[in-house]
Amino acid sequence: MKNIEDYRMILASASPRRRELLSQIGIEHEVIPSNKDEILPKMHPAKAAEALSRGKALDVAKDIDDKAVIIGADTVVAYAGEILGKPKNEEDAFRMLHMLQGEEHEVYTGVTFVVKESGQEYIESFCESTKVMMYPASEEEIWAYIATGEPMDKAGAYGIQGRAAAFVKKIEGDYNNVVGLPIARLYQILKNL
C-alpha cells in the first residue's frame, strides 16, 4: 500500500476498545459495524477467529466503493480445547471465569483486511495468539466481578483492560491482542499491503 492516508479506513466493529487502539497508533478511521451473526465455527480457535474476522470485513466491504481498507476483527478465548465466546448470561460468565481461574489459556484475535481499489478487491487475514495465566479467584470474587456487568460483552467473560486485570498473573505475547486488536502486527501488515 503506497500511503495509508490515501485510503478510507473503516473498522467493521462496534468495539470501543478496537476504536481506541486504532486511534492510539494514529490511524484515522470510521466505524461501520458488521451486522453478521457471530456464530462460532467448529474449528481450531485461530481459524475460527480468522473466519469470524473475514466474515465481518466482507459484510461491510460489500457496501463500500473504491479506495478503502475495511478492517474486520474478532477475538476468541480458548481453554482445554473449548472456544469461549461472549457469555450468554451471568451463569455462563461464571462457568467461564471459574474454569479459567488459576489456569493458563489462549486468546486469539483474527484480523482481516479487505482492500478495495480500481474495481479490485484484495483480502488478507492473520491471527495473533497470546497466552494468559490467571490467579486463583474465589467464587465470591468471580460473582462480584460479574455484578459489574463488564464480562457480559467480552470473549472469555473478562476484559484485561478493566477490573479483570486484578486476576491476570502474566501474559506471553501481545497485551493489545487480549484487549481485542494486535495493533503492532496490524500496522506492520497494513503498511506492506
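Modeller: On a 1 Å grid over the protein atoms alone, a cavity is a set of points where a 1.4 Å probe fits but cannot get out. One cavity of 30 Å³ or more is present in this structure. The model is predicted: local features need pLDDT of at least 70 and side-chain atom pairs count only at pLDDT 80 or more, whereas totals for chains, interfaces and linings use all residues. Residues are numbered from 1 along each chain as its sequence is written, and side-chain values use heavy atoms, with hydrogens and water left out.

Biologist: How much space lies in the largest cavity, and which residues line the cavity?

Modeller: The largest cavity holds about 80 Å³ (the space filled by probe spheres set on grid points joined across faces, edges and corners). Its lining residues, which have an atom within 4 Å of a point, are Leu97, Leu100, Gln101, Met134, Tyr135, Ala137, Ile142, Tyr145 and Phe167. Two or more of them come from each of α3 and α4; helices are DSSP runs of H or I with at least four residues, strands are E runs of at least two, and both are numbered from the N terminus.

Biologist: How does the lining of the largest cavity divide by class?

Modeller: Ala, Val, Leu, Ile, Met, Phe, Trp, Tyr, Cys and Pro count as nonpolar, Asp, Glu, Lys and Arg as charged, and the others, Gly among them, as polar. On that basis the cavity lining has eight nonpolar residues, one polar and no charged.

Biologist: What makes the other large space a pocket?

Modeller: A pocket is an open set with protein on both sides within 12 Å along at least five of seven lines. The largest pocket has a volume of about 660 Å³ and a lining of 38 residues, with Glu38, Thr75, Lys86, Asp153 and Ala155 nearest its centre. Strand β3 contributes the most, four residues. By class, the pocket lining comprises 17 nonpolar, eight polar and 13 charged residues.

Biologist: Why is Pro45 called buried?

Modeller: Buried means under 20% relative accessible area, exposed over 50%, and partly exposed in between, with a 1.4 Å probe and protein chains only. Pro45 has 12% relative accessibility and therefore counts as buried. Pro45 belongs to helix α2 and, leaving aside neighbours within four places in sequence, is in contact (heavy atoms within 4.5 Å) with Val76, Ala78, Ile83 and Tyr108. Ala78 is 33 residues from Pro45 in sequence, yet their C-alpha atoms are 6.6 Å apart.

Biologist: What makes β5 a mostly covered strand, and which strands are joined to β5 by bridges?

Modeller: In β5 (residues 104-117), 11 of 14 residues are buried. Two strands pair if DSSP finds at least two bridges between them. There are 11 bridges between β5 and β3 (residues 68-79), which run antiparallel; one of the bridge pairs is Ala68 with Lys116. Between β5 and β6 (residues 120-134), also antiparallel, there are 14 bridges, including that of Phe113 with Glu124. β5 and β6 form a hairpin with two residues between them, and Ser118 in the turn has a positive phi of about 50°.

Biologist: Which residues of α3 are buried, and what do they pack against?

Modeller: Asp92, Ala93, Phe94, Met96, Leu97 and Leu100 are the buried residues of α3. They pack against β3, β4, β5, β6 and α4. After α3 comes Gly102, with a positive phi near 75°.
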